[in-house]
Amino acid sequence: MITNGDLILRLYQRDDREALTRLADNFNVSRYLTDRFPNPYSLADADCWLARVGAEDAPHNLAIEWRGQFIGGIGLMPLDDVYRRTAEIGYWLGEPYWGRGLAAKAVGMMVGYTFARLQFIRIQALVFAENKNSARVLEKNDFVFEATLRQHITKHGRTQDAMLYARICD
Ligand SMILES: CC(C)(COP(=O)(O)OP(=O)(O)OC[C@H]1O[C@@H](n2cnc3c(N)ncnc32)[C@H](O)[C@@H]1OP(=O)(O)O)[C@@H](O)C(=O)NCCC(=O)NCCS
């Protein structure tokens, strides 16, 4: 568990399923995420996700809790082979919680934990070119914009560029 004031990153719990479904079942949340994040998002999808993260040997996916409420998720996807010291970060918050600096704070907490406790020396993020709010979250955490991956993303029948951001352990 990682705590910073009223914001907590913790393991998912069985009783997150209702709040997870309610907040995740929103086109505005899923529109800039990969298709692994379903839309619409059902209780069965939540159960599937909770079973999957519950089976992780080393938990890389954490729930975000604010003032005692489940508000979203944040996770690392470890790369493998020669990229094994790199992890890709992903995160989302329920829409009622946007615009309060909570995602930026959660990313900062995850970065601190990752570099202090895990074997990764690079955290990267691939952001939809249109997703300026997410780019801002990363910039507020000293991620460096490294490249535009041209026409890398196709979602809902539209293809667009991805922005590659990364932060190195210093
Ligand atoms: C992207 C996301 C995580 C941002 O979360 P957040 O908690 O609102 O982020 P912050 O409050 O730190 O705001 C980041 C920036 O977004 C913009 N922003 C956020 N809320 C805003 C609002 N209501 N009006 C205008 N701009 C807003 C601002 O530019 C802000 O930067 P600033 O604080 O320097 O002004 C959230 O919108 C989300 O979950 N989106 C859906 C999933 C997603 O896109 N995940 C990222 C995939 S890479």
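**A guided view of the predicted model**

Helix 5 contains three buried residues, S134, V137 and L138. Viewed down the axis of helix 5, these buried residues fall within an arc of 95°, so they line one face of the helix. An α-helix has 3.6 residues a turn, so residues three or four places apart point the same way. The partners against which the buried residues of helix 5 pack are helix 4, strand 6 and strand 8, the last of these spanning residues 158–168. The model described here is a predicted one.

A similar arrangement can be followed in helix 1. This helix covers residues 17–24, and its buried residues are L20, L23 and A24. Around the axis they cover an arc of only 90°, which puts them on the same side of helix 1. The buried residues of helix 1 pack against helix 2 (27–30), helix 3 (43–54) and strand 4.

The strands may be considered next. Eight strands form an open sheet with mixed pairing, in the order 1-2-3-4-5-6-8-7. Strand 1 (2–4) and strand 7 (144–155) stand at the edges; each has a single partner strand, so one side of each is left without a neighbour in the sheet. From one strand to the next, the twist averages 25°. Strands of a sheet pair through backbone hydrogen bonds, either parallel or antiparallel.

Strand 4 offers a convenient place from which to examine this pairing. Strand 3 and strand 4 run antiparallel and are joined by 6 bridges, with N61 standing opposite G75 in strand 4. The two strands form a hairpin with 2 residues between them, and in the turn R67 has a positive phi of about 50°. Strand 4 also pairs with strand 5 in the antiparallel sense, over 7 bridges. Here L76 stands opposite I89 in strand 5, while the bridge partner of G73 in strand 5 is W92.

Within strand 4, which comprises residues 69–78, lies G72. This residue counts as buried because 24 other C-beta atoms lie within 10 Å, and the threshold for a buried residue is 20 or more. Leaving aside residues up to four places away in sequence, G72 touches L23, I64, Y91, W92, L93, G94 and Y97. One of these contacts, L23, is among the buried residues of helix 1. The C-alpha atoms of G72 and E95 are separated by 9.3 Å, although the two residues are 23 apart along the chain.

Helix 4 extends the picture across the sheet. It lies across strand 1, strand 2 (7–10), strand 3 (61–66), strand 4, strand 5, strand 6 and strand 8, and runs at about 155° to strand 5.

The ligand brings several of these elements together. Strand 5 (86–93), helix 4 (102–117), strand 6 (122–128) and helix 5 (132–139) each supply at least two residues of the shell around the ligand. Of the 21 residues around the ligand, those that come nearest are W98, G99, A103, A104 and N133. By character, the residues of this shell divide into 13 nonpolar, 6 polar and 2 charged. Helix 5 thus returns at the end of the account: it supplies residues to the ligand shell, and its buried residues pack against helix 4, strand 6 and strand 8.

Key: Residues are numbered from 1 along each chain as its sequence is written. This is a predicted model: local features need pLDDT of at least 70, side-chain atom pairs count only at pLDDT 80 or more; totals for chains, interfaces and linings use all residues. A residue is near a molecule or strand if its C-beta atom, placed from the backbone, lies within 6 Å of it. Helices (H or I, at least four residues) and strands (E, at least two) are DSSP runs, numbered from the N terminus. Ala, Val, Leu, Ile, Met, Phe, Trp, Tyr, Cys and Pro count as nonpolar, Asp, Glu, Lys and Arg as charged, and the others, Gly among them, as polar. A residue is buried if 20 or more other C-beta atoms lie within 10 Å of its own, exposed if 12 or fewer, and partly exposed in between; C-beta atoms are placed from the backbone. The arc is that of the directions from the helix axis to the C-beta atoms. Two residues are in contact if their C-beta atoms, placed from the backbone, lie within 7 Å. Two strands pair if DSSP finds at least two bridges between them. Axes are lines fitted to C-alpha atoms, for helices over the stretch in contact, and angles run from 0 to 180 degrees between N-to-C directions.
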